[in-house]
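Work through the following exercises with the coordinates open. Each task is followed by a solution in steps.

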Amino acid sequence: MRTQVAIIGAGPSGLLLGQLLHRQGIETVILENRSADYVLGRIRAGVIEQGMVGLLEQAGVAERLHKEGLVHDGTELAFAGARHRIDFKKLTGKTVTVYGQTEITRDLMEARTACGAQTIYEAEDVMPLDFDGAKPHVRYRKDGKDIEIECDFIAGCDGFHGVSRQSVPATSIENFERVYPFGWLGILSETPPVSEELIYINHERGFALCSMRSPTRSRYYLQCSLAEHVEDWTDARFWDELKLRLDDQARERLVTGPSIEKSIAPLRSFVAEPMRFGRMFLAGDAAHIVPPTGAKGLNLAASDVHYLSGALVEFYREKSSAGIDHYSARALSRVWKAERFSWWMTTLLHRMPESSGFDRRLQHAELDYLVSSPAAAMAMAENYVGLPY
Ligand code: APR
Ligand code: PHB
């Protein structure tokens, strides 16, 4: 088989890249080692920057997002028993859209099927080969047969645990990592959200987040220790603990109900450099992970794809390799700014196990400054709505 760009991974990065390239007449084949249903079954985040909304429009998959997505002009920060609103729209002129990653993945999958572009699900033993040579190709097994796809380029969009980054020689890659000593216990419930906008909570019992997927479906998170097991958390225990971390008004408004999904996720910051290895490019979680506190994971995957699709179009259309030669530096520059913001939000809003009384006072002083200084609020808002591409 032969194609122009072989994409490994049918998550948001791979599917969005496939759609943007297809619309520019560039042929791709996507190889995914799971089934489509499995990919769609993953519950992930759902706060979308305006830049990513623009990319989804460019890919022709924003219709349902505009119909069902919730546009938020701001968010709330709660600490010391009070809530404070950060008005993104007033500070930056920009908004964010709440629309689940699962829905984005579904829209992209349907668009890809509709345009007849090829996706091979349940491809086993996918392996990118010779990407540092002149004849890159990807080998995989399907129905007991080994198959090879020759291509001009390989896009490694296979997430943190994928094969693409792992196939890079250790001498050619440098990893930067910070693992946080706590996790997020999250639930999804068919209950009306406790507030119009998200509430990020700094509390002495630990961080909490009130989010949503729709006017009837809510998503809540609690900071928990990594020693916790989800089986130890009944729904009742979850709601009781959440109520302890909410301000009075939110506690009164909270509607509880059975969870339809419950899981614990560890928090990590990770960046691999560079993001290009000859004719293979890494994009999204394959190259970097952010803790979810800044709502940047999905949006960073999108900005990588923005730079990569532009570079590949430039290569095929103008026979110029300027874009692909600058891809890694451009993408990493935005990645590190989002890493910094996500780390800052995480250290500001979580209870650090080793934190002293002095540390807690500093956190509150920084939160106090943030909600009383337009300059500080502007800096937070500018990063939250998304820095320009
Ligand atoms: N071969 C083929 N496919 C693979 C392999 C492999 N060896 N390993 C992983 N995959 C697939 C996974 O099954 C998954 O569908 O690659 C896809 C990677 O998707 P994601 O992990 O969602 O990564 P990405 O598309 O970069 O999206 C990043 O996902 O985790 C969230 O917060 C993150 O929102 C961000 C987004
Ligand atoms: C979510 O809705 O799942 C969500 C929202 C904001 C975050 C993280 C997760 O920062």
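**Exercise 1. A salt bridge and its network**

With which residue does E103 form a salt bridge, and how far apart are the closest N and O atoms?

Solution.
- The model is a predicted one.
- The partner of E103 is R64, and their closest N and O atoms are 2.9 Å apart.
- Next, place both residues. E103 belongs to helix 6 (residues 101-114) and R64 to helix 4 (residues 63-68), so the salt bridge ties together parts that are 39 residues apart in sequence.
- Then check accessibility. Partly exposed covers the range between 20% and 50% relative accessible area. E103, with 24%, is therefore partly exposed, and R64, with 22%, is partly exposed as well.

**Exercise 2. Two further salt bridges**

Compare the placement of the pairs E241–R245 and D325–R276 along the chain.

Solution.
- In the salt bridge between E241 and R245, the closest N and O atoms are 2.8 Å apart.
- Both residues lie in helix 8 (residues 235-245), and because they are four residues apart, about one helical turn separates them.
- The general rule is that an α-helix has 3.6 residues a turn, so residues three or four places apart point the same way.
- E241 and R245 are both buried.
- The side chains of D325 and R276 also form a salt bridge, with an N to O distance of 2.8 Å.
- This pair links distant parts of the chain, since D325 is in helix 11 and R276 in strand 18 (residues 276-277), 49 residues apart.
- D325 has a relative accessible area of 43% and is therefore partly exposed; R276, at 25%, is partly exposed too.
- Salt bridges with shared partners also join R64, E68, E103, R106 and D107 into one network.
- A search of the whole structure gives 23 salt bridges.

**Exercise 3. The shell around ligand 1**

Describe the surroundings of ligand 1, starting from the residue count and ending with the elements that contribute.

Solution.
- The shell holds 23 residues, and the closest are S13, E32, R42, Q101 and D285.
- Sorted by class, the shell has eight nonpolar, nine polar and six charged residues.
- Now list polar distances to oxygen atoms of the ligand. An N or O atom in the side chain of S13 is 2.7 Å from one, a polar side-chain atom of D285 is 2.9 Å from one, and a backbone N or O atom of P12 is 3.3 Å from one.
- On its own, ligand 1 has 720 Å² of accessible area, of which the protein covers 87%.
- The elements giving two or more residues to the shell are helix 1 (12-22) and helix 10 (297-318).

**Exercise 4. The packing of helix 1**

How many residues of helix 1 are buried, and which elements do the buried residues pack against?

Solution.
- Ten of the eleven residues are buried, which leaves helix 1 mostly covered.
- P12 and S13 are among the buried residues, as are G14 and Q19.
- The buried residues pack against strand 1 (5-8), strand 2 (28-31), helix 3 (50-58), helix 6, strand 12 (153-156) and helix 10.

**Exercise 5. The position of R334**

Is R334 buried or exposed?

Solution.
- R334 is located in helix 11 (residues 322-349).
- The cut-off for buried is under 20% relative accessible area. R334 has 6% and therefore counts as buried.
- Beyond its neighbours within four places in sequence, R334 has contacts that include E49, N299, S303, Y307 and Y389.

How values were computed. Residues are numbered from 1 along each chain as its sequence is written. Chains are lettered from A and ligands numbered from 1 in the order in which they are written. This is a predicted model: local features need pLDDT of at least 70, side-chain atom pairs count only at pLDDT 80 or more; totals for chains, interfaces and linings use all residues. Side-chain values use heavy atoms; hydrogens and water are left out. A residue is near a molecule or strand if one of its heavy atoms lies within 4 Å of it. A polar contact is a pair of N or O atoms within 3.5 Å; within protein, one must be able to donate a hydrogen and the other to accept it, and residues adjacent in sequence count only if both atoms are side-chain atoms. Accessible areas come from the Shrake-Rupley method with a 1.4 Å probe; for residues, only the protein chains shown count as cover. Ala, Val, Leu, Ile, Met, Phe, Trp, Tyr, Cys and Pro count as nonpolar, Asp, Glu, Lys and Arg as charged, and the others, Gly among them, as polar. Buried means under 20% relative accessible area, exposed over 50%, partly exposed in between (1.4 Å probe, protein chains only). Contact means heavy atoms within 4.5 Å. A salt bridge is a side-chain nitrogen of Lys or Arg within 4 Å of a carboxyl oxygen of Asp or Glu.
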